Amino acid sequence: MSNNLTQRIEQTSRCGSKTKANGFFDGTESAVKISQDFTNQQAAEQALAYLTQQARAVESEPCEIQSNIQPNENGVVLTMQMQFCCEVEAVLFQMKIA
């Protein structure tokens, strides 16, 4: 691997890096939003706990997590927003839960 490519990969993999690696990960999409219907409060709380655990597993700096569980016509809806320190962590989180 060339030194130039190695250097770009290392710069891109560091959270908070302002360096762009040919536009692959430029840090502009480090938030993940989720909205999911559940039949009851307990199922939504279990999903919230699981998703929080997965977010914590990939964070290098504390991930800001906002969540809300509200009743709706089908039971309840869980809405979450996770703000990671960098786009790479957001992608890793999405891969973990896919």
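# Reading a predicted chain, term by term

Student: Why is Ser30 called buried?

Tutor: Ser30 has a relative accessibility of 9%. Buried means under 20% relative accessible area, exposed means over 50%, and partly exposed lies in between, with a 1.4 Å probe and protein chains only. The value of 9% falls under the 20% limit, so Ser30 counts as buried.

Student: What should I know about the model and its numbering?

Tutor: This is a predicted model, in which residues are numbered from 1 along each chain as its sequence is written, and side-chain values use heavy atoms, with hydrogens and water left out. Local features need pLDDT of at least 70 and side-chain atom pairs count only at pLDDT 80 or more, while totals for chains, interfaces and linings use all residues.

Student: Where is Ser30, and what does its side chain join?

Tutor: Ser30 is in the loop between H1 and E1. Its side chain and that of Gln83 are joined by a polar contact of 2.6 Å.

Student: What makes that a polar contact?

Tutor: A polar contact is a pair of N or O atoms within 3.5 Å; within protein, one must be able to donate a hydrogen and the other to accept it, and residues adjacent in sequence count only if both atoms are side-chain atoms. The 2.6 Å between Ser30 and Gln83 is within 3.5 Å, so the distance condition is met.

Student: What are H1 and E1 labels for?

Tutor: Helices (H or I, at least four residues) and strands (E, at least two) are DSSP runs, numbered from the N terminus. The protein chain has 3 helices and 3 strands, in the order α-β-α-β-β-α.

Student: How do you know which element has the lowest confidence?

Tutor: The score to look at is pLDDT, the predictor's confidence in each residue, from 0 to 100. Helix H1 (residues 3-13) has the lowest mean, 39, and strand E2 (residues 64-72) the highest, 97. Over residues 1-14 the pLDDT is below 50, and it stays under 50 over residues 16-22 as well. Where pLDDT is low, the predicted coordinates should not be read in detail. The chain as a whole averages 81, with 72% of the residues scoring at least 70.

Student: Why is Phe84 with Phe93 called a tilted pair?

Tutor: Rings of Phe, Tyr and Trp (its six-membered ring) pair if their centres lie within 6.5 Å; planes under 30 degrees apart count as stacked, over 60 as edge-to-face and the rest as tilted. The structure holds 1 aromatic pair. In that pair, Phe84 and Phe93 are 5.6 Å apart centre to centre, with 40 degrees between the planes. The 5.6 Å is within 6.5 Å, and 40 degrees is neither under 30 nor over 60, so the pair is tilted. Both residues are buried.

Student: What makes a set of residues a nonpolar core?

Tutor: It is a set of buried Ala, Val, Leu, Ile, Met, Phe, Trp, Tyr and Cys residues joined through side-chain atoms within 4.5 Å. The largest such core has 18 residues, and Phe84 and Phe93 are among those that touch the most other members. Strand E1 (31-38), H2, strand E3 (75-83) and helix H3 (87-97) each supply at least two residues. H2 gives the most, with 6.

Student: Why is Met82 called buried, and what is it in contact with?

Tutor: Met82, in strand E3, has a relative accessible area of 0%, which is why it counts as buried. Contact means heavy atoms within 4.5 Å. Leaving aside neighbours within four places in sequence, the contacts of Met82 include Ser30, Val32, Ile34 and Phe93.

Student: What makes Pro71 exposed?

Tutor: Pro71, in strand E2, has a relative accessible area of 65%, above the limit for exposed, so the label follows.

Student: How do you know that Arg56 and Glu59 form a salt bridge?

Tutor: Side chains of opposite charge can pair when their charged atoms come close. A salt bridge is a side-chain nitrogen of Lys or Arg within 4 Å of a carboxyl oxygen of Asp or Glu. The closest N and O atoms of Arg56 and Glu59 are 2.9 Å apart, so the pair meets the definition. By this rule the count is 1 salt bridge.

Student: Are these two residues buried or partly exposed?

Tutor: Arg56 is partly exposed, at 38%, and Glu59 is partly exposed, at 24%.
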